[in-house]
Amino acid sequence: MKITWYQSTIFNALGLSACLLFAKTLNAENVLYEEAELSISPIEAGKPLRLEIHPKEFTLSGNRQQLQILVTAFYADGESADLTRAALYKVANTDCASVNDRGVVVPKIDGSTTVRASVGKLHAEMVLDVKNQDKPEPVSFKFQTLPVLSKAGCSMGACHGAPHGKGGFRLSLRAFDPVLDLKTLVHEEFGRRVNLLEPERSLLLAKPRMEVAHEGGRRLRKGDLEHQLLKDWIREGCVADIDASACTGIRITPGTGQFRRLPHHVQQFRVEASFADGSTRDVTHLAVFESSDETVLKVSRHGLAVGVRRGEAAVIVRYLEHIQSTLLSFVQDVSGFEWKAPNPVNFVDSHVYKKLRKFQYLPSEPCRDEEFLRRVYLDVTGLLPTPEQSLRFLEDKQSDKRQRLIDELLDSQNYTAFWSQKWGDLLKVSAKQMGISGALKFHNWIQQSIVENRPYDEFARSILNANGSNFINPATNFYRSGSDTSDHMESTTQLFMGTRIGCAKCHNHPYERWTQDNYYGLSAFFNRINTKKTGRKDEVVVWMDREGEVHHPVSKKVVEPWVPGGEDSLNQKKDRRKAFTQWLTSQNNPFFAKVEVNRIWTHLMGRGIVEPFDDFRDTNPPANKSLLEALAEDFAVNGFDRRRTIRTILLSNTYQASSRANEFNRDDKRFFSHYPARRLTAEQLLDALGDLTGMPEKFQGVRASTRATQLPAPDLKPHDRGKIGEIEFLKVFGMPERQTVCECERGDETSLGQALELYNGKTLHRMLTHSETRHRKLIRQKLSDDEILRELYLRAYARTPDPRESEIAKQYIKSAENREKAYEDLVWALVNKDEFLFQH
Amino acid sequence: MLGFGNFNAQDCSGPTRRSFIKTAAAVPFTIGSTSQVLEAAQAAQKSGRVKSVILLWLWGGPSHVDTFDPKPDAPMEYRGPFGTIPTRTPGMHFTELLPKMAARSNKYTVIRSNVTTNGGHPGAGTVGLTGFEENAGPIQPNFGSIVAKHRGSAEALPPFFYVGRGIPRDLPRRIEGYGGGTLGKAYDPFLVSANERGQVSIPQLDLLDGMSPKRIQNRKKMLEQLDLAERRLDAAGIEQWHRTHQSAYGLLADPAARKAFDLTQESDKTRGKYGQTTFGQGCLLARRLAEARVPYIQVNWSEYVETFSPNCDFGWDTHIFNFELLQDRHCPILDRAYSALIDDLDERGLLDDTLLLAMGEFGRTPKISNRAAREHHQHCYFSIWAGGGIEPGRCIGESDAKGERPITRPITPLHVGTTIAELCGVGAKERAEMKVLDGGSVIHELI
């Protein structure tokens with residue numbers, strides 16, 4: 001059976017749901033929705049006070065131009081709705097132009113007229129000029145043909161826009177290379193793709209019409225405007241206007257921040273392109289529309305956004321290499337919803353609550369003391385509290401005890417060690433990358449900066465501007481962990497700008513406005529870095545060369561250093577990196593502070609405000625923009641103080657909310673209405689097992705007391721001669737090898753190997769059966785079952801067992817032949833409960 | 001030799017539809033009528049159709065000249081002692097050591113122009129299984145790990161199996177490219193092996209000292225009792241974790257869950273067909289795993305395989321006794337097991353969405369060594385492709401008159417891995433997002 005294109009799309013989408021990166025964008029890119037496929041209910045006009053039409057006046061010049069009209073209604077309660085599809089249109093001079101029911105104006109003959117939109121008794125009018133209709137206008141290769149190929153999906157990354165094309169037919173990704181595309185379409189393969197005599201029978205049209213087998217399925221229909229444009233372009237002789245005046249940008253109407261209250265569930269968008277010669281054209285019919293979250297809204301190929309459920313998403317519009325996005329939200333009155341929340345503790349809560357209230361989600365109640373205790377220990381120190389620590393907190397009756405605990409933990413050595421490990425992950429601190437001594441020295445350097453709470457801008461500068469021996473200035477190890485200019489630049493932008501710019505190395509970035517020029521402009525800062533080994537083992541010296549330029553791979557020209565929005569000359573004679581870091585760490589850099597506060601937020605809240613947290617782009621909007629901005633501003637004006645930001649978040653009700661959902665927030669996964677429970681990381685889990693059983697894991701190459709959450713590097717053991725089938729606990733549970741700067745390397749996926757490790761793994765088995773394991777020691781101390789249970793429960797869950805739990809456990813132990821073995825089973829069961837494996 | 005299949009593609013984009021039709025028209029009797037050609041072109045919808053991959057990994061480097069790419073007209077110091085036999089693919093001959101496979105060549109397609117970049121076992125093993133050298137940056141994931149990640153891993157069985165440890169005796173260490181690489185150890189293979197009597201061992205499922213299925217059941221029961229409703233968590237992914245936990249429990253405590261591994265479910269006749277060898281029984285196990293829809297199964301020509309003398313086996317690494325071993329052991333074992341496997345897959349209708357691939361990490365020197373054997377040869381070897389949408393019955397690529405180097409487009413491990421990925425639905429975009437198989441392209445000749 002042949003898989004249709006839609007089925008295969010669905011299949012791909014499902015298969016990819018496990019793939020964290022870009023999964024949503026992928027769905028969006030592959031789907032070209034006809035409006036009939038979307039569930040659009042009849043539009044209820046209600047009783048608007050007034051109507052507005054956009055644009056107020058417009059000139060359609062040339063017979064291939066069109067105009068998308070927008071009609072907006074305003075209501076007494078202050079709300080507004082898009083009625084473009086509900087309005088009736090009347091053109092005063094019907095010879096001049098016509099309007100279809102999508103609100104699209106098509107010109108006929110020259111003249112001037114008005115277009116009137118009516119809803120009930122209300123009207124709104126616009127003035128329309130129609131010109132140059134008698135002058136035939138050839139199809140523009142650059143501004144019509146290529147956009148159509150992009151809109152139909154032909155040149156997208158999964159199809160002919162792939163690096164090697166598909167089926168021997170390659171187009172540049174989203175038409176970024178018109179010259180090559182012209183050659184491919186018209187000349188390659190002896191010109192067999194276009195048929196000038198019978199344009200309609202061109203392979204270029206017959207394949208997407210599925211008249212000739214096409215792996216990509218049906219992409220065009222005979223009646224479509226897209227089909228018409230391609231056919232006309234071929235009929236006119238495949239003329240190329242490569243030198244036509246460039247398109248300088250696009251503008252979307254309505255702009256960002258719109259919201260609609262269901263049942264108003266649609267919004268038409270209009271896209272206008274401006275050109276270097278000063279002209280503007282409506283390109284709504286040529287633009288590609290995508291949604292950043294299809295569970296919230298979908299966009300038809302005509303630019304109609306259709307709300308699926310309450311929430312917000314970006315509508316992403318692409319025309320040629322220009323990408324713009326605009327945020328649209330749908331709110332809904334939930335029956336029985338009544339806002340109630342504790343008083344905000346600080347600005348975190350204010351921003352979160354504002355969002356929750358808008359979308360009618362209710363925050364969960366505050367978590368219990370024992371939940372807070374376990375949660376905050378794990379987040380700040382990576383370790384479980386001891387029974388003494390737990391009891392001290394639980395029995396404390398003061399109202400400020402949570403705040404005091406937070407401050408105490410942020411001052412502890414375990415905080416330093418655990419948060420150093422997080423930075424170690426990002427900076428790829430590993431023996432493989434920098435030798436054992438290099439790794440240890442770099443780790444100590446990071447620790448020192450956490451102990452001192454070194455301002456984050458200074459921290460970044462000392463890493464990026466590092467020179468000299470990696471033994472004397474360990475920060476230079478950063479440049480040891482990359483192999484070339486591209487590596488250094490890509491690591492830097494991902495770490496400090498939250499930008500995955502790698503795609504732009506070979507072509508303009510498919511989801512973002514980064515171009516190939518930008519890529520090489522940024523690379524120019526890092527091109528002169530040079531390294532050399534010395535005679536001492538693992539020692540490397542890093543310095544800047546006096547010269548060396550980056551050349552653009554296509555034009556071969558020298559590329560000057562460039563930063564987004566930068567105007568001054570950045571080409572410093574001495575060390576180009578200085579100019580970059582000065583720009584990067586300035587107060588108003590759009591990325592720097594946001595990326596770091598978002599990273600801290602993600603560590604504490606399990607999910608980024610921008611998610612994935614190091615993937616900042618317009619097409620991946622933050623869940624709560626004002627929250628992100630407020631945190632970033634607080635961070636920047638207070639000297640980039642990381643500990644302050646951690647503390648602010650920990651103190652908030654938002655952080656201290658229960659992980660249990662309530663009736664009014666169960667389906668919220670985005671706006672932080674409840675604390676997202678998540679599995680302990682590999683290191684946290686191993687330490688928790690060690691603490692519960694009293695058998696902490698020992699590691700090679702570090703002091704005996706070092707815990708897994710404090711390991712300087714993942715590979716301090718001598719070279720692993722292990723065979724396949726030997727299991728390393730930490731690795732199975734997702735400890736990263738630190739080969740990339742992507743936090744995504746830390747696997748948080750569930751695997752069968754992990755479950756098998758808990759059932760039948762050597763690590764846990766040894767901890768449970770060892771003669772010195774905790775429960776054996778407690779038994780030897782002749783403690784009662786109640787006393788032992790209390791100790792074990794405090795260790796495992798930072799709470800005492802409730803009577804039912806005690807009853808079940810005691811029953812099991814009493815009925816067993818061997819008390820020690822029965823306790824082994826009990827501890828196993830405690831470990832395998834969600835309450836242990838998850839942070840909640 | 002008849003030229004069909006020997007496309008000399010001009011660039012990475014592979015043969016075009018046009019060249020395909022041209023070639024087909026030149027040899028109408030081998031390919032059938034033009035309408036069949038068009039059907040073949042229509043069947044081009046192949047990306048993502050493969051549900052399971054079985055890779056028969058012929059560790060050690062099998063001699064291509066003595067097996068699938070004989071050179072009977074080469075000088076005496078090259079061609080070796082074996083005669084050649086015709087196959088069912090017009091113009092393609094094998095040596096006489098592989099009669100069963102020759103009789104089934106209509107079911108698979110042979111590539112004779114594979115090359116690799118490394119001449120040692122560990123290095124070439126990593127290149128062969130990942131597409132990249134060990135020291136070229138972060139260790140890249142095994143092709144199986146890529147497919148496993150794409151398919152997700154929370155099913156009742158792990159997504160990526162190693163059947164047999166697969167480290168030849170002379171390999172001092174585990175190769176870097178054996179598993180998850182940059183995707184993480186969560187995508188490492190799950191090890192099982194079968195001995196020549198068909199007894200299967202699964203180290204991760206061997207219960208540790210003091211454990212029994214009964215005890216695991218007891219523990220599970222207590223866990224369920226202690227899991228009081230009041231303490232249940234609302235968490236993303238928690239249901240998936242519970243399903244995974246349940247699968248692990250099943251595998252350890254419930255014999256029915258291990259059915260896929262149980263070769264005693266097969267008739268003696270079937271087990272006999274594959275041969276009473278570790279490789280043969282490994283192939284049978286692979287078929288059962290493919291039936292259970294495991295996404296990726298790598299059958300390793302295993303450690304201590306079919307020992308020539310006890311504890312002295314080197315896989316296909318025949319620096320000594322090349323001709324004797326190939327004639328008496330390796331080729332008969334492979335011939336039998338491969339033929340049984342492909343027949344079995346075919347009869348069960350699995351060949352349509354199962355990709356069966358056989359290859360080693362490199363070939364062996366066409367020139368016979370002074371030990372009367374053959375040494376490592378990275379510049380030319382073979383791979384055999386069947387099922388999963390591969391157009392069968394063809395021979396792609398051609399080596400020179402002595403079998404030293406390809407004279408058509410060289411096929412690299414990166415091409416191989418990209419093709420596997422593409423057939424499994426891991427397209428260019430997915431690959432870019434996983435940051436794997438960078439720069440790879442599909443072997444279009446196969447499809």
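Start with the largest nonpolar core of this predicted model, which has 243 residues. Select B:Val53, B:Ile297, B:Leu357 and B:Ile384, the residues with the most contacts inside this core. Next, colour helix 12 of chain B, residues 322-347, which gives the most to the core, with 11 residues. Then turn to chain A, since the core also draws at least three residues from each of domain 4 (472-489 + 501-583) and domain 5 (771-839) of that chain. As general background, nonpolar side chains in soluble globular proteins tend to be buried together.

Stay in this core and centre the view on B:Ile297. Which residues is B:Ile297 in contact with, leaving aside its neighbours within four places in sequence? Its partners are B:Ser52, B:Val53 and B:Ile54, then B:Phe161 and B:Val163, and finally B:Ala286, B:Leu289 and B:Ala290. B:Val53, one of these partners, is also among the residues with the most contacts inside the core.

Apart from this core lies another, of 54 residues, and a selection of A:Phe141, A:Met156, A:Ala162 and A:Leu328 will show you some of its members.

Return to chain B and select helix 7, residues 143-151. Nine of the nine residues of this helix are buried, so helix 7 of chain B is largely enclosed by the rest of the structure. The buried residues include the nonpolar B:Phe143, B:Ile146, B:Val147 and B:Ala148, but B:Lys149, B:His150 and B:Arg151 are buried as well, as are B:Gly144 and B:Ser145. Move just past the end of this helix to B:Gly152, where the backbone takes a positive phi of about 85°.

Zoom out to take in the whole of chain B, whose secondary structure comes to 14 helices and 13 strands. Of its 447 residues, 57% are buried, and among contacts in chain B between residues at least 6 apart in sequence, 74% join residues at least 24 apart.

Now show chain A alone, with its 29 helices and 27 strands. Its radius of gyration is 31 Å, close to the 28 Å that the globule rule gives for 840 residues, so chain A is as compact as a globular protein of that length. Along the principal axes, the C-alpha atoms of chain A fill a box of roughly 100 × 70 × 60 Å. Buried residues make up 49% of this chain, and residues 24 or more positions apart account for 63% of its contacts with a separation of 6 or more.

Colour chain A by domain: domain 1 covers 5-41 + 245-331, domain 2 covers 50-131, domain 3 covers 141-235, domain 4 covers 472-489 + 501-583 and domain 5 covers 771-839. Where domains 1 and 2 of chain A meet, 14 residues of domain 1 are in contact with 13 residues of domain 2. On the domain 1 side, strand 12 (258-261), strand 13 (266-268) and strand 15 (280-282) of chain A each supply at least two residues, and the largest share, three residues, comes from strand 13 of chain A. By class, that side of domain 1 has one nonpolar, eight polar and five charged residues.

Finish by colouring chain A by pLDDT, which averages 88, with 94% of the residues scoring at least 70. Among the elements of this chain, helix 20 (residues 642-651) has the highest mean pLDDT, 98, and helix 1 (residues 5-16) the lowest, 32. Residues 1-30 of chain A deserve a careful look, for pLDDT stays under 50 over this stretch, although the model has 50 contacts beyond four places in sequence for it.

Notes. Residues numbered from 1 in each chain as written. Chains lettered and ligands numbered in written order. Predicted model: local features only at pLDDT ≥ 70, side-chain atom pairs only at ≥ 80, totals over all residues. Domains from an automatic or database assignment. Contact = placed C-beta atoms within 7 Å. Helix = DSSP H or I, 4+ residues; strand = E, 2+ residues; numbered from the N terminus. Core = buried A, V, L, I, M, F, W, Y, C linked by C-beta atoms within 7 Å. Buried ≥ 20, exposed ≤ 12 C-beta atoms within 10 Å, placed from the backbone. Rg over C-alpha atoms; globule rule 2.2 N^0.38 Å. pLDDT = per-residue confidence, 0-100.
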